[in-house]
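Welcome, and please load the model in your viewer. We will go from one selection to the next and look at what is there.

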Amino acid sequence: MARDPVCGMNIKEEESVGSSMHKGNTYYFCSQGCKNQFDSDPDKYLKTEEMSIQTDMPTFSERGLERIDLHVDGMSCASCVAKVEKGLSKLTGVKKVSVNLATERATIGLNPDQVSNRDIIDTINGLGYHVKTEQMILPIKGMSCASCVNKVEKALEALPGVVDASVNIGTEEARVNYISEVVQLADFEKAVGSAGDYHVLDIQEKNREDVEKQNREKNYNTLKRKFFLGAVLSALILLGSMQRMVPILQDIPSPIMKVILFILTTPVIVWIGSQFYRGFWISLKHRTADMNTLVAVGTGSAYLYSSLATFFPEFITQGGSDAHVYFDTAAIIITLILLGRLLEARAKGQTSEAIRRLMGLKPKTARVVRNNKEIDIPIVDVNVGDIVVVRPGEKIPVDGIVTEGQSSVDESMITGESIPVFKKAGDEVVGATLNKTGSFRFEAKRVGKETVLSQIIRMVQEAQGSKAPIQRLADKVASIFVPIVISIACITFIIWALFGPPPVFTRALLNFIAVLIIACPCALGLATPTAIMAGTGLGAEYGVLIKGGETLEMIHRIQSVVFDKTGTLTHGQPVVTDIIPLSDWEEASILRFAASAEKGSEHPLGEAIVTTAVKRGIELTVPEQFKALPGQGITATVEGIPIVLGNEKLMKNQGIELESVKQHLKEMTQSGKTVMVLAAAKKPAGLLALADTLKANAKEVINTLQKMGLEVILLTGDNRLSGEAIGREAGVDRVIAEVLPEDKAKEIKRLQGEGKSVAMVGDGINDAPALAQADVGIAIGTGTDVAMETADITLMRDDLEGIIRAILLSKRTLRTIKQNLFWAFFYNVISIPIAAGLLFPFFGILLKPVFAAAAMSFSSVSVVSNSLRLKRFKM
């Protein structure tokens, strides 16, 4: 019994419609309509009896698993990420968890029969963080009794992403708490309608990007207000601490000045720095530690000690000497850390700018034909099958097929191609692209989450939420980082208290605080996700969709690049390449008779001949007595002349002598071309050679890949002569010919068996198993098919240079990640010993806590800023 890698269905081998080899196993595809939606490792699609928690890949395709994405507020460092992942992993029914600090998102794969959305949210909230949910009030018509209330509530609560729903029959309203990333107004309307004769009255749904923008601006403005108030108070506190150096303050008695400093510092601790103490208290209740612990313990120690010295100096002083206070230390540290958070928030906002721009491409309304009238409706109300009207200068609202009219459409926001594309009846149009000149109508085919733009946004969000394997070391360090730092700080205090020079307690306390403050798990937590966000976001803007961190890390290990031939290296359509006249015939006459004979033919070779004639402006006539001979050619009468057009076999059967053209036939056949002989009145008139030609920049791209040290291989189902001819023309290193579609994955596996890391470039449809088998699968094309699910990298534009851009961007992004991680580790390894006083015995240098806070803030900001440099990378 085999299992389908997509839906998990048990199927018999004889019931399968195809199979693929991977790592010694055979995977079968069932006949239940499943698409070949593979990840880079098809093993992950096999459902097992016991599924282990995976916290490093947000791919949830197992049958029975539901995926939800949550926006989590309050995370500040890598320790927070580890805490959330660990807490969610303990829940029964949660199978996979991936938490991203930079995007502030948690991606969870769960069994909805075992755990609810409410359980997930309560767990995260209980850990001290906050899940952002939205609330919507739905006016509902048609309810008449308590049974109606029950049915509507159940229908709403059954939707993925709905936390809870409460229906009030008195007000005829439903109050729904939901996760906006998962469920939308259109889903509520369908659920209510499916529950019975009910429907939701018109309501305007908030745009998710508008809500996110408002929340982001609100948080940023709050941080800014706190920082500026903290800066003013800290400046006053600093002046008060330097009382002897400020003439205007010298006459104030020291005890009174300490009380003034206490009054000025308390708002900094209680309100401006409240987030650190609140986070510390919650962590303490859960017996964990994070960045908030370090800040709260460090500043809290300074504040409490100074408060004690202010109001109960007898507990501090000995022999009547004055007790020192460190209110300035506590206040300035909090203010500097807030400055770091402020700069960090601004920089993080820029790393996610690409995804917001993609979201902003979505039109808000659409003009549809209803009851023979054109009306404007919200985009969420457009249904499949609606006829949509688009006028010049308007955005196309959803994906569909043009039914009438024609125009030029700017698709640069999707494909990156700046030249407008001409559209006529029967052509596909993509939502969010811009209509330029004409008006047209089209039938909606994909709406809501199914549109190309929505799929791109989802892919980019998944990529930005993923983790590169290189981050695992950082995650392991982060999980024990804070306890180790606290231990080092305590040891520092003890050593200085026992062996340090006077004032012993002062030096011990300040070094204790410096160690706590200078340590920076934030930099560890932000090193990878900010770079991935910047890199994948930049790629999306140029039509290069990278699936995630694992792909970014794997791409630099690639040794061989395998190209599928048809539609990838070549145009995928035969064209006339040579016309050789015989006897007294001219080239134009040969083409006119051949194309007229093939007029109306559905055979690709016949269509290619007709297309060439039309492009050259040759007038064609209607053939008579047309007859198609499968596998040989055609016969027809054109302008009263009997015409035979086909291969050598047809000529032989028709008794036409080819002795004089055999050398021509041999040369063109050996060059990989298909040769057709045109005979008129039983005599050879000319030869037409056709071939699937290379794309314009194929040679240049292959040459560039070879200069990068990569082996380039051509994989084709064509015969060896044709394959080697195309291979020679393209300049590849190896040609693997006569490979059946179902055997392509085996060939990739064989190359991997030679010890090579392999990238496969294909069109993403016929090549799905091979793309899945390869270490990195690259789908090239329009991005409107299964390629977006199959490949690790999808190129939205049909341009081979996108492969070079994808590889260079991946390498640059990985290099940035390594730089960030190096800096994060190097900073902590160097700075913590310095803060502990390592330099004091040799140079008499001690690091003040205030400078430690500045260094810590700089560390986080520098990591994010380094990631932002990717935005200047030229694609």
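Which kind of contact do the side chains of K424 and D427 meet in? Select both residues: they meet in a salt bridge, with N to O at 3.7 Å. Keep in mind along the way that this is a predicted model. K424 is partly exposed, because its relative accessible area is 42%, and partly exposed covers the range between 20% and 50%.

**Next stop: E411 and K423**

Now select E411 and K423, whose side chains form a salt bridge with an N to O distance of 3.1 Å. This pair ties together distant parts of the chain, 12 residues apart: E411 lies in the loop between β17 (407-410) and α11 (412-415), while K423 belongs to strand β18 (residues 421-423). Are the two partners buried or exposed? E411 is buried, since its relative accessible area of 12% falls under the 20% cut-off. K423 counts as buried too, at 9% relative accessibility.

**Then: R616 and E587**

Select R616 and E587 for another salt bridge, where the closest N and O atoms are 2.9 Å apart. Here too the pair links distant parts of the chain, 29 residues apart, with R616 in the loop between α19 (604-615) and β25 (624-629) and E587 in helix α18 (residues 587-598). R616 counts as partly exposed at 47% relative accessibility, and E587 is partly exposed with 34%.

**A network to display**

Show E711, R734, E747, R750, E754 and K756 together, and you will be looking at a network of salt bridges that links these residues. Side chains of opposite charge can pair when their charged atoms come close. If you would like to carry on with such pairs, a search of the whole structure finds 30 salt bridges.

**Over to two helices**

Switch to a cartoon view and colour helix α15 (residues 521-541) and helix α29 (residues 849-868). How do they pack? Their axes are 8 Å apart and make an angle of about 15 degrees. The two helices are therefore roughly parallel to each other, as the angle is under 35 degrees. Turn the view to follow the crossing, in which α15 passes α29 in a right-handed sense.

**Last stop: a nonpolar patch**

Finally, turn on the surface and select I491, I494, I495, L498 and F499. They form a nonpolar surface patch whose accessible area together is about 560 Å². One of them, I494, sits in helix α13 (residues 471-499). I494 is partly exposed, with a relative accessible area of 47%.

How values were computed
Residues numbered from 1 in each chain as written. Predicted model: local features only at pLDDT ≥ 70, side-chain atom pairs only at ≥ 80, totals over all residues. Heavy atoms only, no water. Patch = residues over 30% accessible without salt bridge, like charges linked within 9 Å, V, L, I, M, F, W, Y side chains within 5 Å. Areas by Shrake-Rupley, 256 points an atom, 1.4 Å probe, with all protein chains shown as cover. Salt bridge = Lys/Arg side-chain N within 4 Å of Asp/Glu carboxyl O. Helix = DSSP H or I, 4+ residues; strand = E, 2+ residues; numbered from the N terminus. Buried < 20%, exposed > 50% of the residue type's maximum accessible area, 1.4 Å probe, protein only. Axes fitted to C-alpha atoms, helices over the stretch in contact; angles between N-to-C directions. Parallel < 35°, antiparallel > 145°, perpendicular 65-115°, else oblique. Left-handed = near helix turned anticlockwise from the far one by under 90°.
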